[in-house]
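Q: Please take a close look at one part of this structure. I am new to it, and short sentences would help.

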There are 2 protein chains.
Amino acid sequence: MTPDTDNAQLRKAQDRFIDAWGRMGSVWGISRTMAEVHALLFVTGDALCMDELMDRLNISRGNASMSLRALLEWGVITKAHKDGQRRDYYVAEQDVWAMFRAILRERVKREVEPLIESLGEVRELYPSQGKDAPESARDLDQRLSEMQEVFELVATLGERFAGPSGQGLKVAAKLLAKAPARRKAKA
Amino acid sequence: MTPDTDNAQLRKAQDRFIDAWGRMGSVWGISRTMAEVHALLFVTGDALCMDELMDRLNISRGNASMSLRALLEWGVITKAHKDGQRRDYYVAEQDVWAMFRAILRERVKREVEPLIESLGEVRELYPSQGKDAPESARDLDQRLSEMQEVFELVATLGERFAGPSGQGLKVAAKLLAKAPARRKAKA
DNA sequence: TTGTGATTTCATATTTTTCTGAAAGTTTCC
DNA sequence: GGAAACTTTCAGAAAAATATGAAATCACAA
């Protein structure tokens, strides 16, 4: 097996990973390209510059720029610099748990917090207390307050375990994964 | 305050909830209409038929049909029947925790499982064991296997706590919400 | 079986999201 | 200052996702 064959294999594996992660990106509500840029940086582990990304992924400069900015906001990549070069390089967070926490944090922010806020606002729109509150209003409020409670709990959990403070998620996950098990303890 | 005023208020609150839940729908990677149909069924708590949904949400028959089918697949609504009527009615699961479990289960199925499968396939594409395995291949495999591990753990957790079997999630969530707390114990 | 009301399907239209590329903006170095 | 090297912005183009509505299908009752 020659080095060339090796490289071709690795390159193909990288491409397949980029494709898979990109596809998930669209399921997760982020753009496919953004996920692909992240995948490329993650899977190679290298610091790459914009032109290298554009080349490898066949995307435009504008798209690369916007994707990189979004990934920086998510906190899953950072800027790096090579010696005396002017150009910006980018590297992906290599610790998978840290990456996962960053993703979770951002998703809670985008997918849960706005909903909690809306629920609060909606519940202001009708009187549900006091003797004049009709049955139907109390019904509605019951439903909405239960939902608010659930999502607030989720947000709290997210904050606690994905917050910037530490390893919480990993520990919690392992704990939970084992605790209620009855069988198959060896996995 | 007249009953008419009451109704107008409730109706407005419902509409705002439908709007909020629908907006979240698009963030979650499901169509906005599908989320709105679910929101309407949930927030009213009533059994509604297709024409009622079309009326209230201003959507076409085809759209209503497809959204209902998808919601049935997610397991967050069920068919109901009124006495001798031919027409189908639909009701939303009213237990918020059960609903949340159903959503979580489906999201793991769509967002995590395909990725795990792809990771397995990608890791078959190059040799990473034995003396002929180049450094770069072992590097790559290290990254991919860590990622696989994380997502497998997530899938396991999801299955355990959102599986059809029970209340797992609620209990786990409360446990986690309290356990690592240091301050502010009264919330 | 046939008729009727209800639902599903699917080709096409609409809307929304994403991408491109060239111009404008920055930063760095001479 | 100003020129070169990069990056960002954004209007318009392209692509993808959603919605429509009429025809096809289904299911039940007579």
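A: Start at B:Ser65: a polar side-chain atom of this residue lies 3.1 Å from a phosphate oxygen of DNA strand C. That is a polar contact (a pair of N or O atoms within 3.5 Å). The model is predicted: local features need pLDDT of at least 70 and side-chain atom pairs 80 or more, totals use all residues, and side-chain values use heavy atoms, without hydrogens or water. Residues are numbered from 1 along each chain as written, while chains are lettered from A and ligands numbered from 1 in written order.

Chain A reaches the phosphates too. A polar side-chain atom of A:Asn63 lies 3.2 Å from a phosphate oxygen of DNA strand C. A:Ser60 uses its backbone instead: an N or O atom there lies 2.8 Å from a phosphate oxygen of the strand.

Now widen the view. In total, 17 residues surround DNA strand C, counting those with a heavy atom within 4 Å of it. The closest are A:Thr33, A:Ser60, B:Arg69, B:Arg86 and B:Asp88. Of the strand's atoms that come within 4 Å of the protein, 59% belong to sugar and phosphate.

Which elements build this surface? Helix 4 of chain A and helix 4 (61-74) of chain B each supply at least two residues. Helices are DSSP runs of H or I with at least four residues, and strands are E runs of at least two. Helix 4 of chain B gives the largest share, five residues.

The two chains match. A rotation of 180 degrees, with 0.0 Å of shift along its axis, superposes chain B on chain A at an RMSD of 0.1 Å. The fit uses C-alpha atoms of residues with pLDDT of at least 70 in both. The copies are thus related as by a two-fold rotation axis. In chain B, the C-alpha of B:Gly29 comes closest to that axis, at 2.7 Å.

What lies behind the surface? The largest nonpolar core has 55 residues. Such a core joins buried nonpolar residues through side-chain atoms within 4.5 Å, where buried means under 20% relative accessible area with a 1.4 Å probe. Helix 4 (61-74) of chain A gives two or more residues to this core. Helix 4 of chain A thus serves both the core and the surface near DNA strand C. The largest share of the core, 11 residues, comes from helix 7 of chain B. Apart from it lies another core, of 54 residues, including A:Leu115 and B:Phe42.

Methods:
Buried means under 20% relative accessible area, exposed over 50%, partly exposed in between (1.4 Å probe, protein chains only). A polar contact is a pair of N or O atoms within 3.5 Å; within protein, one must be able to donate a hydrogen and the other to accept it, and residues adjacent in sequence count only if both atoms are side-chain atoms.
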